[in-house]
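Here is a short briefing for a reader new to this structure. Take a look at the fold, then read on by topic.

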Amino acid sequence: MSTQRELTYLEAVRECMSQEMRVNEDVFIMGEDIGLYGGAFGVTRGMIEEFGNERVRNTPISEAAIAGAAVGAAMTGMRPIVELQFSDFITIATDQIVNQAAKNRYMFGGKGKVPLVLRTPSGSGTGAAAQHSQSLEAWMAHIPGLKVIQPSTGYDAKGLLKAAIDDDNPVIFYEHKLLYRTKGYVPEEPYSLPIGKADIKRQGTDVTIVATAIMVHKALQAAVELEKEGISVEIIDPRTLVPLDIETIIESVKKTGRVVVVHEAVKRGGFGGEIASLIAESEAFDYLDAPIKRLGGKSVPIPYNPVLEKAAIPQERDIIQAVKETVFRR
């Protein structure tokens, strides 16, 4: 029976991994400094004491080697969970992810499985600057053969991570750094959430906001302010980019007639463009009372300066302005 206990997002991720490792000896973790140090953000802290260094494996500083070893382990029957210290470093592991993990099941006629989960912190807000603050999820979403998950709450993270570990396909699992310390209700017992099912974080009637990761929380704050001015906002969190639950988004847009898509990644080439196109190609187009609006990061490397860092990505005030421009458009 579920309790109403609260966990941080970070604790929810750790609890899921620990529970899965207790029931399945094929599940193990690998990454840089994930042992005694507990990883760059402390997600794996304490796990080596329970599971030992054979199942919580520190690796050399080589993301290509980590990803390559994980692909090999997955194809020989193990279920590795890789932790990359920062999602920016996925660029170094790209060949193994894009040309091996994503392709092998197809190229071997379905005979080979690649049950690999690659977890990695993404996003800005920690003053980590241009090489440690990017949001590159659209790159991975572009690759056939990969599933891409981007949960915004601890509850979603725990349930979706279990689903990812159980999946026989490679999954890229993005965890926004600023969400690690956020708290919320998380059941103690193991549970799984379906990959490819969006969540309606708030019901509304005047405008739909489709938001991902940390932007879900900014959108929720913006919705509270907009409600004071009589604007009712519905917020859709896709939770998984691939597969994308476009049906839930379409039904919301048909109800409200207006939509704002917001993400932290650079707007140009960002996943918001994909969502906007899918809406425009659907029956929801006939229900639109205003053009689809997109908000995304500015086309600049994330600055070290905290004022400029904040200015580079959408904030609550930007979401409020975008909604008003959409709702009051004539």
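**Strand β7 and its partners**

Ser-122 stands opposite His-176 in β7. The model is predicted. Two open sheets and a few helices are covered below, beginning with the sheet that holds β7.

- β5 (residues 117-122) runs parallel to β7, and six bridges join the two strands.
- Strand β6 (residues 147-149) also pairs with β7 in the parallel sense, over three bridges. Here Ile-149 is opposite Phe-173 of β7.
- Is β7 enclosed or open to the outside? Six of its six residues are buried, so β7 is largely enclosed by the rest of the structure.
- Both faces of β7 are covered. Val-171, Phe-173 and Glu-175 are buried on one side. Ile-172, Tyr-174 and His-176 are buried on the other.
- In a regular strand, side chains alternate between the two faces of the sheet.

**The seven-stranded sheet**

- This open sheet has the strand order β3-β2-β4-β5-β7-β6-β12, with mixed pairing.
- β3 (56-58) and β12 (240-242) are the edge strands, and each pairs on one side only.
- From one strand to the next, the twist averages 20 degrees.
- At the β3 edge, strand β2 (residues 27-31) runs parallel to β3, and three bridges join them. Met-30 is opposite Arg-57 in β3.
- Strands of a sheet pair through backbone hydrogen bonds, either parallel or antiparallel.

**The five-stranded sheet**

- A second open sheet follows the order β9-β11-β10-β13-β14, and its pairing is mixed too.
- Its edge strands are β9 (199-202) and β14 (293-297), and each pairs on one side only.
- Neighbouring strands are turned by 25 degrees against each other on average, direction ignored.
- β9 pairs with strand β11 (residues 233-237) in the antiparallel sense, over three bridges. Ile-200 has Ile-236 of β11 as its bridge partner.
- Helix α12 (residues 316-327) lies across β10 (207-211), β13 (259-266) and β14. The helix runs at about 165 degrees to β14.

**Helix α8 and its packing**

- How far apart are the end C-alpha atoms of α8 (residues 214-227)? They are 20 Å apart, which agrees with the 20 Å that its 14 residues should span at 1.5 Å a residue.
- The buried residues of α8 are Ile-214, Met-215, Val-216, Lys-218, Ala-219, Ala-222, Ala-223 and Leu-226.
- These buried residues pack against β7 (171-176), β9, β10, β11, β13 and α12. The list includes β7 of the seven-stranded sheet and β9 of the five-stranded one.

**Where α8 meets α12**

- Two packed helices are described by the angle between their axes and the distance between the axes.
- For α8 and α12, the angle is about 55 degrees and the axes are 9 Å apart. That makes α8 oblique to α12.
- Their crossing is right-handed.
- On the α8 side, the contact is made by Lys-218, Ala-219, Gln-221, Ala-222, Glu-225 and Leu-226. On the α12 side, Glu-316, Ile-319, Ile-320, Val-323 and Lys-324 take part.

**Ser-252 in helix α9**

- Ser-252 is found in helix α9 (residues 246-256).
- Is Ser-252 buried or exposed? Its relative accessibility is 3%, so Ser-252 counts as buried.
- Leaving aside residues up to four places away in sequence, Ser-252 touches Thr-208, Glu-234 and Ile-236. Ile-236 is also the bridge partner of Ile-200.

Key:
Residues numbered from 1 in each chain as written. Predicted model: local features only at pLDDT ≥ 70, side-chain atom pairs only at ≥ 80, totals over all residues. Heavy atoms only, no water. Pairing = 2+ DSSP bridges. Helix = DSSP H or I, 4+ residues; strand = E, 2+ residues; numbered from the N terminus. Axes fitted to C-alpha atoms, helices over the stretch in contact; angles between N-to-C directions. Contact = heavy atoms within 4.5 Å. Expected span 1.5 Å × (residues − 1). Buried < 20%, exposed > 50% of the residue type's maximum accessible area, 1.4 Å probe, protein only. Parallel < 35°, antiparallel > 145°, perpendicular 65-115°, else oblique. Left-handed = near helix turned anticlockwise from the far one by under 90°.
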